[in-house]
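These are my notebook entries on what I looked up in the structure shown below. I began with the relation between chain copies, then went on to a helix pair and a single residue.

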Number of protein chains: 4
Amino acid sequence: MTRQEVRSVVLAKLLGPTQPGDTVWDIGAGLGTVSVEIAVLRPHLEVVAVEQAPARLAFLRENRQRFGAYNIRVVEGTASEVLQAEAQRPRLVFVGGSGGRLPEILTAVTDRLEEGGRLVASFVTLEHLALTLQHLRQAQWPVEVAEIQVARSDVIAGLTGLKPQRGVFLVRADRPGSPAAPQIPDEGERVQA
Amino acid sequence: MTRQEVRSVVLAKLLGPTQPGDTVWDIGAGLGTVSVEIAVLRPHLEVVAVEQAPARLAFLRENRQRFGAYNIRVVEGTASEVLQAEAQRPRLVFVGGSGGRLPEILTAVTDRLEEGGRLVASFVTLEHLALTLQHLRQAQWPVEVAEIQVARSDVIAGLTGLKPQRGVFLVRADRPGSPAAPQIPDEGERVQA
Amino acid sequence: MTRQEVRSVVLAKLLGPTQPGDTVWDIGAGLGTVSVEIAVLRPHLEVVAVEQAPARLAFLRENRQRFGAYNIRVVEGTASEVLQAEAQRPRLVFVGGSGGRLPEILTAVTDRLEEGGRLVASFVTLEHLALTLQHLRQAQWPVEVAEIQVARSDVIAGLTGLKPQRGVFLVRADRPGSPAAPQIPDEGERVQA
Amino acid sequence: MTRQEVRSVVLAKLLGPTQPGDTVWDIGAGLGTVSVEIAVLRPHLEVVAVEQAPARLAFLRENRQRFGAYNIRVVEGTASEVLQAEAQRPRLVFVGGSGGRLPEILTAVTDRLEEGGRLVASFVTLEHLALTLQHLRQAQWPVEVAEIQVARSDVIAGLTGLKPQRGVFLVRADRPGSPAAPQIPDEGERVQA
């Protein structure tokens, strides 16, 4: 499950000030934590949540219902099946889980992502991080990595400790080429003195 | 300047799914990075940016203009002056900078924040963190601390290094008591499996 | 328990190239992890391990035996009792645990530490860290803080994850004044290009 | 340059309670920070510092002199040349720098390290970390990774900030097989309650 702090960084990296009608793909959506967050905070977007594991799909659908996140479209299947089948090429893709099929997912995304589109992916293992960097380097997409570490307070003998959560590596890559849609500004760089 | 990653965590901690017309106070707004982020991402909110340093006020106003963030109201003065003068008690307060007046700001906030309202504050020094925890403990407000550390990729001999940014401590406290407005749900805990 | 990585940093901060016959105090020695490490790696030193909790004392004595660390002298009691009773003022003190008596320990150490002597203390709570910084600032001892965070690899679905350990704050302070013994060089600064 | 805190963790990972006469190899010794630390703290060991860059060799020799670390043998050349030429196979190897020849160094080390011997290597880039993990996995050596992050206090407006140093990934691997010399105990696991 993607935790609050990391989830909000994912959103900031993935989304510029999006347009009504934009679509965001959440590949390996799991329980839907990221999908629901995007859907609720940006009600004018469509979120396509792709998941193949039946158990997680059930939770995903339940969470969609529970938070009234009806702008989520839940799609069952693997990334490559789903992305190939889709008429419209995606512009904004988040990969949060790979279910052991990372190479296939990366191939599907580098195949189908629109020119000027953006991929954000989160990793907790060194091998998946390395594989992705290598794949994107071969595709010659400019890449930024961020390592995010969060510790939250807990109570130690009545005092305030800091309990660390597992760190997350976030990879962001923009596909080169002129976009059909307007380019995605980086929220992070919006304000400069 | 508050960086992208930290800024997005601040927003997630401060704001639940806010209502149109809600007001957010940004005390010690500095260049306005947090104010602009809130104002642009949540156009239905009013942001009151309080700053006393003339040089920063100029940048703040420029950034408001530049990003069309007209839902920011820039107020010149110290937190205590401004919060006392304001007819309506604040419900959502972010303290990002203290200009050496932290005790005074904390007093003003614990005086004026609405029952059920929320304070989020960010710190880069151990003394300010400690002072705030002590103040809020005396006020008996429940407190959560998070330490956020981010490293962003840079290039080392053609390879990918991770350059650390200064870590930030975020303090979040909710004033006890029944709120006039509906209580602020915690975005972070919204989705559970 | 102090983990390997942190323990070795503690040693580096506490000990310069010590002289045969030097004595190191380990206040709140707990199970003796730090005492044993010093005693084994520096067999020419005497380590005085002070602990008051009977259960921990038993482990401490067992570990002393088990690792043949006979240059550890185990002393039962509180820091202030023990340090007052000792004829010779300490020159090298490590505080790893406080058993709820931190103010008393700090008073005993600032009372008794030799001029030019060194204190290293480790903390996992913000309050103890803040209290110590305040105490040492009042004593006007120069202070250095280091925050150490370590994650060790674990296995996630056959791949390499990084499981974070709780971070530790290390405080190091040197008592001003001309030392009887030669001053403690900082291992960290020994080599410069 | 390897900083104090990281250097002490390297030593703890590399060295168990070594025997007089043991030899430690420091491949890509750079300015000699790790070599000098080992040589001074463990005067009964021989340290072989391998470096190929003439400018760094000069510093290395100077540091050897300056700290009286005469148990350092400075060897000019690449790891593979030097390790092949050496009659005795190494038992303890530290790789701190690769000068762009990491694959070659790894091949030399996996070729020549004694059965039961230990390799510790430090990295600041994701690619070198990944390459090493892959190489050692193919060699079927058990591997442990640790990520070490240190922030040291600095002064911000008269208060105590925490300035982060670049994080370091440490890889430790033990070559399987029965050692000629007694096996290297892990300092980290020596004390357990």
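I superposed copies by least squares on the C-alpha atoms of residues with pLDDT of at least 70 in both. The model is predicted, with local features needing pLDDT of at least 70 and side-chain atom pairs counting only at pLDDT 80 or more, while totals for chains, interfaces and linings use all residues. Residues are numbered from 1 along each chain as its sequence is written, chains are lettered from A and ligands numbered from 1 in the order in which they are written, and side-chain values use heavy atoms, leaving out hydrogens and water.

Entry one, chains B and C. I found that a turn of 180° with a shift of 0.0 Å along the axis lays chain C on chain B at an RMSD of 0.0 Å, which is the relation of a two-fold axis. In chain C, the residue that comes closest to the rotation axis is Ala130(C), its C-alpha lying at 3.1 Å.

Entry two, a helix pair. I looked up H5(A) (residues 102-112) and H6(A) (residues 126-138), whose axes come within 11 Å and cross at roughly 30°; this makes H5(A) roughly parallel to H6(A) (angles under 35 degrees count as such). The contact (heavy atoms within 4.5 Å) brings residues of H5(A), among them Leu106(A), to residues of H6(A), including Leu131(A).

Entry three, Val150(C). I located Val150(C) in strand S6 (residues 143-156) of chain C, and noted that Val150(C) is buried (under 20% relative accessible area), at 5%. Among the residues that Val150(C) touches are Glu5(C), Lys163(C) and, in chain D, Ile148(D).

Definitions and conventions: Axes fitted to C-alpha atoms, helices over the stretch in contact; angles between N-to-C directions. Helix = DSSP H or I, 4+ residues; strand = E, 2+ residues; numbered from the N terminus. Parallel < 35°, antiparallel > 145°, perpendicular 65-115°, else oblique. Buried < 20%, exposed > 50% of the residue type's maximum accessible area, 1.4 Å probe, protein only. Lists of a residue's contacts leave out its neighbours within four places in sequence.
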